[in-house]
Amino acid sequence: MESTHFSRFLFLLLAAGILILFACANFPTYLPPQPSPRLSSRCSASSSSSNSSACKSRKIAGILKQPPNPTAESRRLRHESATPQHPLDPLTIQELNKVRHVINSHHLFKSPSSSAVALHTVVLEEPPKSAVLRWSPGDPLPPRKAFAIARSGGDTLLLSVDVASGELKADRASGSSPSGYPTMTVEDMTSATWAPFASADFNRTVTDRGVELSDVACLPISLGWFGKKEEDRRLIKVQCYSMKDTVNFYMRPIEGLTVVVDLDTKDVIEIVDKGRHIPIPNAANTDYRYSAIKKNQRLDLVNPISIEQPKGPTFTVTGDHLVRWANWEFHLKPDPRAGVIVSQARVKDPETGEMRSVMYKGYTSELFVPYMDPTDAWYFKTYMDAGEYGFGLNSMPLDPLNDCPRNAHYMDAVFAAGDGTPYVRPNMVCIFESYGGDIGWRHSESPITGMGIIEARPKVTLVARMAASVANYDYIIDWEFQTDGLIRIKVGLSGILMVKGTSYVNKNEVPEDENLYGTMLSENVIGVIHDHYVTFYLDMDVDGADNSFVNVHIKKEETSPEVNSPRRSFLKAVREVAKTEKEAQIKFQLYNPSEFHVVNPGKTTRVGNPVGYKVVAGGTAASLLDHSDPPQMRGAFTNNQIWVTPYNRSEEWAGGLFAYQNHGEENLQVWSDRDREIENKDIVVWYTMGFHHIPCQEDFPIMPTVSSSFDLKPVNFFERNPILRIPPNVEKDLPVCKAAASA
């Protein structure tokens, strides 16, 4: 009976092409959809000859010269012939193939007693920072090395492979890490979702709930760590949904059914079903696809819109990864764990023409997502989306015209599968110039002055964007560069809620003393309250590596009697340089405000101010969980909003190198509590952006994007306004385009 059920399920699932969400991440030939003809438009000549000329120019630059969407074959050929141009360029297909061959040929993995090797990470082992800073275009590249995390025979190994010589060095991770396992591979995730179907008990439980096995979709859910029972082996919990009559299976949970699976053996350890009395929610009104919406119910609220650039884009991308735009230059690369990494961000000084260093390296270090339901099927849902799943591994190809505007340039990623085989993730990152009518600076003279002056400048910015779909949730990460020297890091949350099934169909049925742990969104559906914390690693090198962190307290002062003023109080800025790490552990306080500066004490402006950048907080949230709660012990990097640590190559991931099932012994809190000196040192700033999410009905069946951001803003970095001399927009430089029928 067991074999019959599983064979039927396997056949139907393969025939339908349904491979569970995470399997999508391993399809190297996936191409994004073509732009919709509905959004096509043409320039129409205006009465102005200059406008007509500009419009013609736009057609040439924006359409005729735009490269066609490449085929999977052309992508493969381009990437197979790629060679690194910069010390920080990611490993190429050729290099990954060489690394794979070296590892598979090594005696550690060739002996009869060794088991198959699984590669959980294969990335560039970046050269020492000093070597990268010394390098100039035209110089030979520093030695290319790969860093790999491998598992074989139950051991976790840290590997360093010299790409040129093939030399391999290996260390057992158990010697340096108290607990935890590496980021799951895509193969881990997909195979875990199949494992329950080999169990007759599981199959019987599902069919007893009235769900056909052919309609079941399952998700691999990291289980955190909650004690001895979960130690000494890699485990995962699997929960399942009904796909019948909707693609949005997340809204149809088989509530209370949880399967514990051994990730290494794929054995089913335990099946818990405490939701037999809870019905599967209805599929009605859950499909979010435009094609599934009836034509008479579609909402055409706005006309299509795009940015026009008559002279083409201002930015260039050299060697696939070096971006130059306006007064900025930076290196950009996809990463399987972080998503994208921005390196060597430098801005041109308008007075001297010098390219000045702002940040050596910045990226998303960890995402912590704890759900606020302590019941059996939910308490363990405390995800670390970078360290457990791989933020970049779960990034999806961006959709032209919708994820990114028409003027975007796309960057592919080259990642390694669990066996080391390289594959291409197309269109993982987009880069585009953005203008939404924002103002760079302006001033109008009042009529009382008699001067008819109106001066305004447009704010055009450059955005580097990626989007990760970690199961149900979608995260959009923007790195936005502005001509005034500001860097804005923005996080958008969208996608689908992880919901809980309930026997209730209306809130009126719920007893007053019962806690739903969330909001009733639809009949039999509860959106569980949860938090999102996104921690960024920011290796600031403001005009050089030796920096200091300054807490600029904004304090109320009472006016002294000798001033002889009717004012009783005023505000004063009191600067406090953090000498050690604990002095730079910052919790935001609305009524005890501060500015947070990273300064170079060895360089000053002409009037004596230390040059610097400041962290400008946006909307954020702080974790309210008890510090002794196991999830918060692992997510202790969210205990403060800002941390500052001395630069250390081994301290890059806020939740620890091995976040999966770790106990919280190795993370940013632990490092910072060592209280090392940070004054006038090479320092790293860590910033955590937070969101409390109390779901509401507008989040059903899919969520409108909610966003927040923070800024890295120059403070006494320039001698004066760095965009004072930029020109305003004038009519003759811009096209006049009118809607026209598509070709």
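Over the face of which residue does Arg356 lie? In this predicted model, Arg356 is placed over the face of Phe717, at 3.8 Å from the ring centre. Phe717 itself is buried, with a relative accessible area of 2%. Its ring also pairs with that of Phe718: the centres are 5.0 Å apart and the planes stand at 85°, so the arrangement is edge-to-face. Phe718 likewise counts as buried, at 10% relative accessibility, because the cut-off for burial is under 20%.

A second charge-over-ring arrangement involves Lys129, the charged end of which sits over the ring of Tyr647, 4.7 Å from the ring centre.

Aromatic pairs in the model number 28. One of these is formed by Phe197 and Phe202, which meet edge-to-face with 5.2 Å from centre to centre and 90° between the planes. Both Phe197 and Phe202 are buried. Elsewhere, ring pairs link Trp479, Phe536, Phe549, Phe588, Phe596, Tyr687 and Phe710 into a cluster.

Tyr473 carries an annotation from UniProt, where an unreviewed entry places the feature "modified residue: 2',4',5'-topaquinone" at this position. Tyr473 lies in strand β21, which comprises residues 473-482. With a relative accessible area of 3%, Tyr473 is buried. Beyond residues up to four places away in sequence, the contacts of Tyr473 include the histidines His530, His532 and His693, together with Tyr371, Ala468, Ser494 and Met703. Leu493, Ile496 and Leu497 are also among the residues touched by Tyr473. The side chains of Tyr473 and His532 are, in addition, joined by a polar contact of 3.1 Å.

Definitions and conventions
Residues are numbered from 1 along each chain as its sequence is written. This is a predicted model: local features need pLDDT of at least 70, side-chain atom pairs count only at pLDDT 80 or more; totals for chains, interfaces and linings use all residues. Side-chain values use heavy atoms; hydrogens and water are left out. UniProt positions are given in the numbering used here, feature names are shortened, and annotations may be inferred rather than shown by experiment. Helices (H or I, at least four residues) and strands (E, at least two) are DSSP runs, numbered from the N terminus. Buried means under 20% relative accessible area, exposed over 50%, partly exposed in between (1.4 Å probe, protein chains only). Contact means heavy atoms within 4.5 Å. A polar contact is a pair of N or O atoms within 3.5 Å; within protein, one must be able to donate a hydrogen and the other to accept it, and residues adjacent in sequence count only if both atoms are side-chain atoms. Rings of Phe, Tyr and Trp (its six-membered ring) pair if their centres lie within 6.5 Å; planes under 30 degrees apart count as stacked, over 60 as edge-to-face and the rest as tilted. A charge sits over a ring if NZ of Lys or CZ of Arg is within 6 Å of the ring centre and within 35 degrees of the ring normal.
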